[in-house]
Amino acid sequence: MADEIFMLRRYAFPDGVRSCEDVLTLFAIHESSPERSPEWTAYFVESLTAYLVHGTEPAGIIDEAKAGWLMRTIAADGAVRSAPELEFLLHAMEVASEVPESLSAFALDQIRLALDPDARGAYHASRPAAEGITAHDLAYVWRVLRGALDRGRLMLSPLETQVLRGIDELAAPSAHHPAWREMMKAIVTPDQPREALRSERWLISEGRLSVDEGLAA
């Protein structure tokens, strides 16, 4: 795989991923590859993150248009399909200076899908089997919400709060890690009407839009 990545860097994308055609090509290679080595994941994630966050406007942030394209591209029926695509989601959120609540709620919802009786998705495949929230899940949550903690308070939107409460209800309190219960107590939600969590926001029809079409929608 290292040789293939070298060839991609040198001949296919000498200037990095620069266009929607490049993005579609990279995803086609990803989906056709039977082996996804750590080297491939790193190349895939870094290339797509650089394009999404800094190569499209508005540069440096993920707005609702970019978030919508990202969710449509990496997920099926609301669940992220593969480990590299999940890492792309998380890394893009880390690199961007601003991320909409719809995207962080989508990322958190991967835990709900993993704990659901009809468990599915890349996050489900990666986590240790457990009925409730584990230390592994908490590390994931804090990666998504890394900037939300303020003086011991977890400042979340109504949408993010609703996702976490939905996760909390999937198992008995005793099944959850003690730190989860402490985290839930620390949540502070702005005094505004709760926004309904609409799963159709993340339900995706088959087929992948080009990035330009998605961002223009």
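User: Taking a polar contact as a pair of N or O atoms within 3.5 Å, which residue offers the backbone oxygen that the side chain of Gln110 reaches?

Analyst: In this predicted model, Gln110 is found in helix 6, which spans residues 101-115. With a relative accessibility of 1%, Gln110 counts as buried, because buried means under 20% relative accessible area. The side chain of Gln110 comes to 3.1 Å from a backbone oxygen, and that oxygen belongs to Phe106.

User: How many residues apart in sequence are the parts that Arg143 and Glu87 tie together?

Analyst: The side chains of Arg143 and Glu87 meet in a salt bridge, at 2.6 Å from N to O. Arg143 lies in helix 8 (residues 135-144) and Glu87 in helix 5 (residues 83-95), so the parts that the pair ties together are separated in sequence by 56 residues.

User: Which residues are linked with Arg143 in a network of salt bridges?

Analyst: Besides its salt bridge with Glu87, Arg143 forms one with Glu94, where the closest N and O atoms are 2.5 Å apart. Glu94 lies in helix 5 and Arg143 in helix 8, so this pair ties together parts that are 49 residues apart in sequence. The residues linked with Arg143 in the network are therefore Glu87 and Glu94.

User: Is Asp109 buried or exposed?

Analyst: Asp109 meets Arg112 in a salt bridge between their side chains, at 2.6 Å from N to O, and the two are separated by about one helical turn because they are three residues apart in helix 6. Arg112 is partly exposed, with a relative accessible area of 24%. Asp109, at 2% relative accessibility, counts as buried.

Methods:
Residues numbered from 1 in each chain as written. Predicted model: local features only at pLDDT ≥ 70, side-chain atom pairs only at ≥ 80, totals over all residues. Heavy atoms only, no water. Helix = DSSP H or I, 4+ residues; strand = E, 2+ residues; numbered from the N terminus. Buried < 20%, exposed > 50% of the residue type's maximum accessible area, 1.4 Å probe, protein only. Polar contact = N/O pair within 3.5 Å; in protein donor to acceptor, adjacent residues only side chain to side chain. Salt bridge = Lys/Arg side-chain N within 4 Å of Asp/Glu carboxyl O.
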